[in-house]
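Here are my notes to go with the structure you asked about. Keep the viewer open and take the points one at a time.

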Amino acid sequence: MTTENGTNGTGESLLTVDGLKKHFQVGSGLFGRNKTFLKAVDGINFEIKEGETYGLVGESGCGKTTTAKMILRLEDPTEGSFNFQGNDALTMDRDLVRNYKSSVQAVFQDPWASLNPRMRVGSIIGEPLEVNSTLTKGDIADRVGDLLEEVGLQRYQSNLFPHEFSGGQRQRIGVARALALNPKLIVLDEPVSALDVSIRAQIMNLLEDLQDEHGLTYLLIAHHLATVRYMCDKVGVMYLGRIVEEAPTEELFDNPRHPYTRALMSAALPSHPDIEREEIILTGEVPSPVNPPVGCHFHPRCPSRFEPCEDNSPVETQPTPDHRVVCHLY
């Protein structure tokens, strides 16, 4: 079926995340006692269906990128699990792990840092095929040429080095590399935030076209709300390692429930200059994930806090069937 943002979702679950945590030890205390942990991700749950784009948003340091690294198997979770196509991604045997890593690829934030400057573009895009397939060198060269054309570049450019391309072209190369193994899920970690505003829309349109053509599923990590609203079918809002609200994109933007989500929307530029919105200014700084506040993590900055917020952690509620929020107000 076609979702409201034009992607070809099937309704079947591709990735299910359950109670995922990642705590980094940052201090051992006297004689190794009283160890201190930074709670980068502190128990999150979400599901991504085939063909849709799921967005994770929040301020820097809220745990978005750490979540992406766990999904990519670059970090091991402290607790929790995630299933990919019905298989536990943390207990897979060697063959399934190999298949998983081929099926889950990434496009990173900085196209200047994510491409090896000493390798030609053909080798950068073809390397996954050399490692994970039995294609001949000629077949790999043909495949690389096809991928370059698919992302809007020319076949001859496979002989060039990354420094010979603009930032937008480099990100297209990163997308081509991610497509090489015909993945099912691509993790997009701030894919347009390092690019000039003039070419962000080009890359977003390219990603949407490729999604439609190949039936791709995206996990979009972003803080730019306009990008999220344009690309995503569903959005999870993170604060201090936890998802505090999740809803379909238009529902979240039109009717945000959590005070933190409202503040994020208030801080973003409106889609039209005539739109008037309530201005919400948060006081104080984001608390340290090493020592998060007792009760609701957001309560020291929350303009709507009341007595239960200071001592009791809120539980998840669902104001509507597809909208969940973790807040004492509900």
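1. Let's start with the open sheet, bearing in mind that this is a predicted model. The sheet has 4 strands, in the order β2-β1-β4-β5, and their pairing is antiparallel. β2 (36-49) and β5 (87-88) are the edge strands: each has a single partner strand, so one side of each has no neighbour in the sheet.

2. Now look inside that sheet, at β1 and β4. Strand β1 (residues 13-27) runs antiparallel to strand β4 (residues 79-84), and 5 bridges join the two. If you want a spot to click on, find threonine 16, which stands opposite asparagine 83 in β4.

3. What lies across β1, β2 and β4? That's helix α1 (residues 64-71), and it runs at about 115° to β1.

4. Next, move along to β6 (104-107). This strand runs parallel to strand β7 (residues 185-189), with 4 bridges joining them. Valine 104 sits opposite leucine 185 in β7. Which way do the β6 residues point? Val104 and Ala106 go one way, Gln105 and Val107 go the other way, and all are buried.

5. β6 also brings us to the second largest pocket, which has a volume of about 350 Å³. There are 13 residues in its lining, and Lys101, Val104, Gln105, Ala106 and Phe108 lie nearest the centre. So you've met some of these names already, in the point about β6: Val104, Gln105 and Ala106.

6. Who else helps to line this pocket? Besides β6, both α3 (121-132) and α5 (167-179) supply at least two residues each. β6 still gives the most, with 3 residues. How does the lining divide by residue type? You get 8 nonpolar, 1 polar and 4 charged residues.

7. Last stop: strand β12 (residues 323-326), which has pairings with two strands to check. With strand β10 (residues 242-248), β12 pairs in the antiparallel sense over 2 bridges, and glutamate 246 stands opposite arginine 324. Strand β11 (residues 316-320) is also antiparallel to β12, this time with 3 bridges, and here threonine 317 stands opposite valine 325.

8. Stay with β11 and β12 a moment longer, and look at how they connect. They form a hairpin with 2 residues between them. Along β12, His323 and Val325 point one way while Arg324 and Val326 point the other way. Are those residues buried or exposed? All of them are buried, including the charged Arg324.

Technical notes
Residues are numbered from 1 along each chain as its sequence is written. This is a predicted model: local features need pLDDT of at least 70, side-chain atom pairs count only at pLDDT 80 or more; totals for chains, interfaces and linings use all residues. Side-chain values use heavy atoms; hydrogens and water are left out. On a 1 Å grid over the protein atoms alone, a cavity is a set of points where a 1.4 Å probe fits but cannot get out, and a pocket is an open set with protein on both sides within 12 Å along at least five of seven lines; lining residues have an atom within 4 Å of a point. Grid points are joined across faces, edges and corners, and a volume is the space filled by probe spheres set on the points. Buried means under 20% relative accessible area, exposed over 50%, partly exposed in between (1.4 Å probe, protein chains only). Two strands pair if DSSP finds at least two bridges between them. Contact means heavy atoms within 4.5 Å. Axes are lines fitted to C-alpha atoms, for helices over the stretch in contact, and angles run from 0 to 180 degrees between N-to-C directions.
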